[in-house]
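Biologist: I'm new to this one. Could you walk me through how to read it, feature by feature?

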Amino acid sequence: MTIFTVKVKPSSKQQSIAEQPDGSLIIHLKSPPVDGKANQELIMLLAKKFKVPKSAIGVKSGFSSRNKLVEIPIEPLI
């Protein structure tokens, strides 16, 4: 399992994932932060990028914040 620090930018014009030098991710989402829609889109986008099932991705903290800790079942690159 790998835990990523993610900064989410909801209501963006395009979806994108940018990796920062410190290993954190900045993710632009089209969905607004209403009724968990942005979190659903975040999980879908991460599942597609890392080729894992959506059910395997967990938001560890920051569910209602722009800054989140997300756990993804991949091996860390060391």
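Modeller: Sure, we'll go through the core, a pocket, a salt bridge and one lysine. Keep in mind that this is a predicted model.

Biologist: Let's start inside. Which residues have the most contacts inside the largest nonpolar core?

Modeller: The general idea first: in soluble globular proteins, nonpolar side chains tend to be buried together. Here the largest nonpolar core has 17 residues, and V6, I27, L42, L46, I57 and I72 have the most contacts inside it.

Biologist: And which elements give two or more residues to this core?

Modeller: Those are strand 1 (2-9), strand 3 (25-28), helix 1 (37-50) and strand 5 (67-72). Helix 1 gives the most, with seven residues.

Biologist: Let me zoom in on I72. What is I72 in contact with, leaving aside its neighbours within four places in sequence?

Modeller: I72 meets M1, T2 and F4, then L46 and F50, and also V52 and I57. L46 and I57 are on the list of core residues with the most contacts, as is I72.

Biologist: Now for empty space. How much of it lies in the second largest pocket?

Modeller: In general, rolling a probe the size of a water molecule over the atoms shows where empty space is left. In this model, the second largest pocket holds about 160 Å³. It is lined by 13 residues, and P33, A38, F63, S65 and K68 are the closest to its centre.

Biologist: What classes of residue make up that lining?

Modeller: Six are nonpolar, four polar and three charged. Helix 1 gives the most to this lining, with three residues.

Biologist: On to charges. How many salt bridges does the count come to?

Modeller: Look for a Lys or Arg side-chain nitrogen within 4 Å of a carboxyl oxygen of Asp or Glu. The count comes to one: K60 pairs with E71, with the closest N and O atoms 3.5 Å apart. K60 lies in strand 4 (residues 58-61) and E71 in strand 5, so the pair ties together parts that are eleven residues apart in sequence.

Biologist: Are those partners buried or exposed?

Modeller: The cut-offs are under 20% for buried and over 50% for exposed. K60 counts as exposed because its relative accessibility is 52%, while E71 is buried at 19%.

Biologist: Last one: where is K37 placed?

Modeller: K37 is in helix 1. At 44% relative accessibility, K37 counts as partly exposed. Not counting residues up to four places away in sequence, K37 touches S31 and P32. From K37 to S55, 18 residues apart along the chain, the C-alpha atoms are separated by 16 Å.

Conventions. Residues are numbered from 1 along each chain as its sequence is written. This is a predicted model: local features need pLDDT of at least 70, side-chain atom pairs count only at pLDDT 80 or more; totals for chains, interfaces and linings use all residues. Side-chain values use heavy atoms; hydrogens and water are left out. A nonpolar core is a set of buried Ala, Val, Leu, Ile, Met, Phe, Trp, Tyr and Cys residues joined through side-chain atoms within 4.5 Å. Buried means under 20% relative accessible area, exposed over 50%, partly exposed in between (1.4 Å probe, protein chains only). Helices (H or I, at least four residues) and strands (E, at least two) are DSSP runs, numbered from the N terminus. Contact means heavy atoms within 4.5 Å. On a 1 Å grid over the protein atoms alone, a cavity is a set of points where a 1.4 Å probe fits but cannot get out, and a pocket is an open set with protein on both sides within 12 Å along at least five of seven lines; lining residues have an atom within 4 Å of a point. Grid points are joined across faces, edges and corners, and a volume is the space filled by probe spheres set on the points. Ala, Val, Leu, Ile, Met, Phe, Trp, Tyr, Cys and Pro count as nonpolar, Asp, Glu, Lys and Arg as charged, and the others, Gly among them, as polar.
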